[in-house]
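Here is a friendly briefing to read alongside your model. Please have the sequence and the 3D view open as you go.

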Amino acid sequence: MISRRRFLGGALGVTGLAAAGCGAVSAETAGQVLSSALPLPRPFTVPLPIPAVARPTRPGHYEVVQRPAKVEIVPGTTTEVWGFDGTFPGPTFQVRRASPVTVRIRNELPVPTSTHLHGGVTPAGSDGYPTDLVVAEGRGFRPPPGGHSHHGMRVDPSQWTLHAGARDYAYPLDQRAATLWYHDHRMDFTAPQVWRGLAGFMIVGDDEDDALPLPRGERDVPLMICDRAFEEDGSFRYPAADPSLLVSAGVEAAYMEGVEGDVILVNGAPWPVLEVSGTRYRLRLLNASNARRYRLELTPGGRFVQVGSDAGLLAAPVAHEAITMAPAERFDVVVDFSAYPPGTEVTMVNTLGTGPARDVMRFRVARRAREDSAVPGRLAVVEPAVRSSAAASRLFDFRRTGQGPEASWTINGLPFRPGSPLARPRLGTTEVWRLTSDFHHPVHVHMAHFQVLSRNGRAPAATDGGWKDTVDVRPYEVVEVLVRFEGFRGRYMMHCHNLEHEDMAMMADFEVV
Ligand code: C2O
Ligand code: CU
Ligand code: CU
């Protein structure tokens, strides 16, 4: 437990609180920047790491240990991460559609965990519900006395489930090829635990994807983009171990909106560089940041050809000069580096960022090479979203409620209440969900995928296409999505994927019946 004194010292000692209030860019900013005490590393010097591929212990079975580890993130310093297999990002699971896998997660961390497969069509018992915890062997867990009252949340004692040491998560994976990711989802502590490293990729393949001539192998690169801040000794800097403390002690104005770091990491390395040949590459972009939004662009110019979205391939490719990504969104894109002469340095920048956070990573085009990939004009059969098919329509309003220590982020005015579903959609139906907001709230729905029907009464944005599980809802926007409840009955959740908002009560159960 972090003491109040240390917490206050940490928070008040922060000098780098950027004022989130000036100009056009700030309107796109979704959190408060926490600056590093450490001198920032030089950009584009560290090679891009590629996370290790998880190896099954026997066909269809994996075992992963969540443990602390010391790693070198900023050259010359070490950072303690909490990682799956002690790595950040965790290992990449390469799995196949409809080939079920079981992942045994052993927790050797000092804190309880719950692991969620984001984008997975997963039975409720394996979905990583926030109160369904794995507690390390020999460590106890006592539910907070009197239920939880942070941010108006109350947890009935019956809601806690504890697994001692380890548990198995079952993933049927009866879903289209897609870039999924897994991360911690512990009640009240998701933001600090993901910040410390508990996240990784799960990539689902299928025959439809395999049949396409898209770049493969070394030219198919997962890119987990997130921001962090560092203490002088190299450890991760975060305002408080318990995000609920962000609001108490009168510093809520500082971090209520969410925590952003001043160092951009890709696959766990600061502003890395990847040497590429002058050919096409498939880049699986994931925004794994707690709060930061990015508008990715290429300098000196270039285009991202989007082939897939959160939940799989698009019907046809869509070219973008810029891609805006809210937390948890994925964009599967192809970049053709043959457009640049060898020797060119192509920088992926974040035009919503300022200062060092404006850079993301660099590609160094080394040499020409044989091209054996292509982006066909038709990619996949994607059923269009049909509004008239909806069995119901519902409104979910994402909004801040209350002031000072009473403040929380709520859905329809309600703080998260485990076990009290806000909706009971029927399995096999579709519904229109109308999402409204007072701030940046990337809205995520577990298990059920959706398509964006409209944005502010108009057509969806060019980057809203395909089946998705997370949608970028900006201040005072109205976004309608058509959600398809296919998969499993049971208790699931929807929430804001700004992880600080999530920990501050912006979640809700829904029950598929
Ligand atoms: Cu990626 Cu419920 O979250
Ligand atoms: Cu999810
Ligand atoms: Cu939010």
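The copper ion (ligand 3) is held by the protein donors His-441 (ND1), Cys-496 (SG) and His-501 (ND1), which lie 2.0 to 2.1 Å from it. Donors here are N, O and S atoms within 2.8 Å of the metal (3.2 Å for Na, K and Ca), and water is not among the atoms, so sites may look incomplete. This is a predicted model, in which local features need pLDDT of at least 70 and side-chain atom pairs count only at pLDDT 80 or more, while totals for chains, interfaces and linings use all residues. Residues are numbered from 1 along each chain as its sequence is written, chains are lettered from A and ligands numbered from 1 in the order in which they are written, and side-chain values use heavy atoms, with hydrogens and water left out.

**Copper site**
- Along the chain, the donors of the copper ion (ligand 3) follow the spacing H-x54-C-x4-H.
- His-441 lies in strand S29 (residues 441-445) and Cys-496 in strand S33 (residues 490-496), so this pair ties together parts that are 55 residues apart in sequence. Strands (E, at least two residues) and helices (H or I, at least four) are DSSP runs, numbered from the N terminus.

**Domains and their interface**
- The protein chain is divided into domain 1 (4-30 + 45-210), domain 2 (217-367) and domain 3 (387-512), with bounds that come from an automatic or database domain assignment.
- The centres of domain 2 and domain 3, taken over C-alpha atoms, are separated by 24 Å.
- Their contact (heavy atoms within 4.5 Å) takes 30 residues from domain 2 and 28 residues from domain 3.
- Between them, domain 2 and domain 3 bury about 2300 Å², 56% of it on carbon and sulfur atoms; buried area is the accessible area (1.4 Å probe) that two parts lose on being put together, summed over both.
- On the domain 2 side, Met-256, Glu-257 and Arg-293 lose the most area to domain 3, together 25% of what that side buries.
- The rule finds 4 salt bridges across this interface, a salt bridge being a side-chain nitrogen of Lys or Arg within 4 Å of a carboxyl oxygen of Asp or Glu.

**Backbone features**
- Most residues other than glycine have a negative phi, and most peptide bonds are trans.
- Phe-88 and Pro-89 are joined by a cis peptide bond, with omega about -5 degrees; Pro-89 sits in the loop between strand S3 (79-84) and strand S4 (93-96).
- Thr-299 and Pro-300 are also joined by a cis peptide bond, with omega about 10 degrees.
- Ala-98 is not a glycine, yet has a positive phi of about 60 degrees.
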